[in-house]
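Me: I'm trying to get my head around the labels people put on protein structures. Can we go through some of them together?

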Amino acid sequence: MSEILINGGNPLSGEITVQGAKNSVLPVLAATILCEGESVIHNCPRLSDVETSLKILRHLGLKAVKQGDTAVIDGTKISEYDIPDSLMREMRSSVVFLGAVIGRTGKAVISSPGGCELGPRPIDLHLSALSLMGVTITEEHGYLTCTAENGLYGAEINLGFPSVGATENIILAAATAKGKTVIHGAAKEPEISDLADFLNSAGARIYGCGSDTVSIYGVERLKGTEHTIIPDRIAAATYMACAAVTGGKITLNNVMPSHMVSVLWVFRESGCNVELNGKSITVTAPRRLCRVPTIRSLVYPGFPTDAGPIVVAMLSVADGTSVFVENIFENRFRFADELKRFGAKIKTEGKVAVIEGVSELSGAECKATDLRGGAALVIAALKAGGKSIIGEIQHIERGYDGITDRLSALGADIRLIEK
Ligand code: UD1
């Protein structure tokens, strides 16, 4: 298994371009299943989750190729409606393929997404919405078989919690269903609006994304289209934190500051100077970061749960004690034990992490526990004096396109050791 080697201490400086959003590209790739023609997707990040999505598309009988950051998917023909267990397991968000496959073929067989690193990740909201739209679901031997005998039809759906994945699955299933679907209590994340923009340019009629109520008027069929994925707001936050802990100054290009309001607030509170200039952000770190008394993760536009580990790592070297409250996932703090190997002082109990800032971290050997927890270790290692080795980096590669190259372009002493 490959590792990342970092000799910490270099202040980051310079400019980088932020990748396309992982959480947009995956549902958009799933959405190409609904498009009877060729779709061209630009700003596709190089990620293992993207590769897995392309494998799923090919398994279903679509033509899917990727060159550089452009993916070309031909959805003229689809020949299968199942997603093999091995691919379901590679990427937990593969559940978002369900709505698209059933929307196109009237059937879908997937394995139940397995246990997850962030605590239980049920899909009850996805399934109950699909059953309101005419889908019969049976579960046997770990497989879900979904059938829409009489086709999918529109429904009024009340989501008890604004789940991102459930909102996406409903939009995908409803795009070509008969009649109108309304989602009350929909998730409002920008990646959902990006999915709707893609589908609308393919001929769908989806209104209200970014608000609580999304209306989808089913259309007969969708055609292929061209689309550019929005910038990744969590990757942007990660690079900002790398600059913040090292006392650096960097400019990020290809970002959408309006998607990052709650995150930018935390950086400013911690003493960073954050300048916005169109699609660029320049962050300048203070001599020492200050504590941010309390940060709570919330659904969008609140503070994103995925940026939690990133700010916990950053505040571990702030002056004073900060508190992070995780309100979305039950078990998000597994990375905290790994951060302690660097000398961070973090206490976690239930959904609360208390971070007592220390002035120095020292290099450590550690292992990524999950994607964003892995990013937290990179941030700590960039700050720490001496050498750090981060293992289990396949978690990091699920979400960060060329993280070692980007950080080394900013002056970090970082290397990928391929094994
Ligand atoms: C998506 C993102 C993930 C992010 C999360 C929250 C992708 C590929 N992943 O994940 O990076 O951390 O949004 O912003 O876009 N829940 C239920 N029942 C359901 C569905 C969800 O109880 O049927 C619960 C989950 O257990 C969790 C919470 O709702 O506690 C949020 O989940 P959800 O918004 O669905 O996140 P994902 O779509 O899995």
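Me: What makes β15 and β16 a hairpin, and which residue in the turn has a positive phi?

Reply: In this predicted model, β15 and β16 form a hairpin with two residues between them. Gly278 sits in the turn, with a positive phi of about 60 degrees.

Me: How do you know that β15 (residues 273–277) and β16 are paired?

Reply: Pairing takes at least two bridges. Five bridges join β15 to β16, so the two count as paired. They run antiparallel, and Glu275 stands opposite Thr282 in β16.

Me: What about strand β14 (residues 249–253) and β16: how many bridges join them?

Reply: Five, and these strands run antiparallel. One example is Leu252, whose bridge partner in β16 is Ile281. As for cover, four of the five residues of β16 (residues 280–284) are buried.

Me: Why is Arg332 called buried?

Reply: Buried means under 20% relative accessible area. Arg332 has 3%, so it's buried. You'll find Arg332 in the loop between β18 (321–325) and α11 (335–340).

Me: What makes the link between the side chains of Arg332 and Thr305 a polar contact?

Reply: The cut-off for the N or O atoms is within 3.5 Å. Here the contact is 2.7 Å, so the distance fits.

Me: And why is Val261 called exposed?

Reply: Exposed means over 50%. Val261, in helix α9 (residues 261–269), has a relative accessible area of 57%, so it earns the label.

Terms used:
Residues numbered from 1 in each chain as written. Predicted model: local features only at pLDDT ≥ 70, side-chain atom pairs only at ≥ 80, totals over all residues. Heavy atoms only, no water. Buried < 20%, exposed > 50% of the residue type's maximum accessible area, 1.4 Å probe, protein only. Polar contact = N/O pair within 3.5 Å; in protein donor to acceptor, adjacent residues only side chain to side chain.
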